[in-house]
Amino acid sequence: MSHLPIKSFLKREKFTLILGLFIFFYILGTYLIFEFDRDKSIYIAFLYLFLFFIYLVFLYSIRDRDYREEIDLLNRKDYEKILELYESPLSKALYKSLEENKRIKEIGEKKRADVKNYLTIWTHQIKSPIFALKLLLKKDEINKIDCEKEIFEIEEYVGNILGYARMNADSTDYVFDKYSLDEIIKGVIRKYSIQFIGKNNRVDFFETKKIILTDAKWFSFLLEQIISNAIKYTHNGRLAIYLEKNELVIEDNGIGIMPEDLPRIFDAGYTGYNGRLEKKSTGLGLNLSKNIGKSLRVTLRCESEPKLGTKMYVNLKNILD
């Protein structure tokens, strides 16, 4: 049967070892300082050291016996008995392992609950454009523009679920490089051009002339969620995109956000009063943006007033070149 390694024993009893050696040098030093008989002082100091060594051997035998008992219990998988040995290193390690497993399990359960909640909301919401498209296709005269709007909305929902899946994967495909902020914004505006026209919204984009260190695909996805949200709640209005100090501002003059809803707009599944009124919000887009922002080292904040509009701020301080 294996024995307790000397190194492990010394590590565990390092305080005892340090204290014992301190007392040895203290005795030796006291005799030498006060000029007692040299031979007698050395004899007493080394006698103490010998007795201390005997004590360490005795202590090792006790620890070794406990160690072999623990190994035996471990081989027999008698974990309950091990946990009863509160001062045992093995027991402490087992307790630590159990606590860690419990924590990992809780994180896993929360993650599964979040995924289930997200999929429930997403499945419910994607039915609306699919149903609308079915009705449009049943008409004698098919309106191509209306169909394209519904298809775009379906594609947006699919993009969201793919983005959510990639974001929660064990390895996310982030590729950081230097990009023109203006080119990324222009790409997002082009993507939503049909939606801007459909809602009769004007877009005022003021070039930033800034270079950012980011993942272009994920940063575009983040902006898409914010701009899509702005379009949903702005009719016959105006969207402005501009830089204010180190923050990119996406401003609209839409219906705004109720004060009681403002603190929770980044929570998953929270749609607020306007979302329930419009019946078009999943409450997932801004939550996705916030989580992506953490990975891209940007933060989001929002200012809004009902019936006046909303300003969404993307803090670029950490990624400006």
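Accessible area here is what the Shrake-Rupley method gives with a 1.4 Å probe, and for residues the protein chains shown are what counts as cover.

**Figure 1. The whole chain, a predicted model, before we zoom in.** By that yardstick the protein exposes about 20,300 Å². Carbon and sulfur atoms supply 59% of that exposed area. The protein has 321 residues, and buried ones make up 36% of them. As for secondary structure, there are 11 helices and seven strands. Take the contacts between residues with a separation of 6 or more: 67% of them come from residues 24 or more positions apart.

**Figure 2. A nonpolar patch on the surface, with L51 among its members.** Which residues form this patch? The members are Y43, L47, F50, L51, F53, I54 and V57. Together these side chains and their backbones offer about 710 Å² of accessible area. To place the view in the fold, find helix α3, which runs over residues 38–75 and holds L51.

**Figure 3. S304 and the residues around it.** S304 belongs to strand β6, residues 299–305. Is S304 buried or exposed? Its relative accessible area is 16%, and the cut-off for buried is under 20%, so S304 counts as buried. Leaving aside residues up to four places away in sequence, S304 touches G256, I257, L262, G309 and T310. Two of these neighbours come with polar pairs worth a look. The side chain of S304 has a polar atom 2.8 Å from the backbone nitrogen of I257. With T310, the pairing is side chain to side chain, a polar contact of 2.8 Å.

**Figure 4. K178 and D321, one of the nine salt bridges in the structure.** The closest N and O atoms of K178 and D321 are 3.4 Å apart. This pair links distant parts of the chain, with the two positions 143 residues apart in numbering. K178 sits in strand β1, residues 177–180, while D321 is in the segment that follows β7 (309–315). Both partners are exposed.

**Figure 5. E207 and K186, another salt bridge between distant parts of the chain.** Here the closest N and O atoms lie 3.0 Å apart. E207 is in the loop between β2 (202–205) and β3 (211–214), and K186 is in helix α7, residues 181–191. The two are 21 residues apart. How much of each is accessible? E207 has a relative accessible area of 44%, and K186 has 25%. Both values fall between the 20% and 50% cut-offs, so E207 and K186 each count as partly exposed.

**Figure 6. D204 and R202, plus a network of charged residues.** D204 and R202 form a salt bridge whose closest N and O atoms are 3.0 Å apart. D204 is buried, at 18% relative accessible area, whereas R202 is partly exposed, at 46%. Elsewhere in this view, salt bridges with shared partners tie E183, K186, E207 and K209 into one network.

**Figure 7. K209 and K245, two loop lysines with positive phi.** Most residues other than glycine have a negative phi, so positive values are worth flagging. Phi of K209 is near 55°, and K245 has a phi of about 60°. Where does each lysine sit? K209 is in the loop between β2 and β3, and K245 is in the loop between β4 (238–244) and β5 (247–252). The cut-off for exposed is over 50% relative accessible area, so K209, at 68%, is exposed. K245, at 78%, is exposed too.

**Figure 8. Helix α11, residues 285–296, and the arginine just after it.** Does the helix length fit or miss the expected span? With 12 residues at 1.5 Å a residue, α11 should span 16 Å, and its end C-alpha atoms are 16 Å apart, so the two agree. Buried residues in this helix are G285, L286, N287, L288, S289, I292, G293 and L296. Just past α11 comes R297, which takes a positive phi of about 65°.

Key
Residues are numbered from 1 along each chain as its sequence is written. This is a predicted model: local features need pLDDT of at least 70, side-chain atom pairs count only at pLDDT 80 or more; totals for chains, interfaces and linings use all residues. Side-chain values use heavy atoms; hydrogens and water are left out. Patches are made of residues with over 30% relative accessible area and no salt bridge: like charges are joined within 9 Å, nonpolar side chains (Val, Leu, Ile, Met, Phe, Trp, Tyr) within 5 Å. A salt bridge is a side-chain nitrogen of Lys or Arg within 4 Å of a carboxyl oxygen of Asp or Glu. Helices (H or I, at least four residues) and strands (E, at least two) are DSSP runs, numbered from the N terminus. Buried means under 20% relative accessible area, exposed over 50%, partly exposed in between (1.4 Å probe, protein chains only). A polar contact is a pair of N or O atoms within 3.5 Å; within protein, one must be able to donate a hydrogen and the other to accept it, and residues adjacent in sequence count only if both atoms are side-chain atoms. Contact means heavy atoms within 4.5 Å. The expected span of a helix is 1.5 Å times one less than its number of residues.
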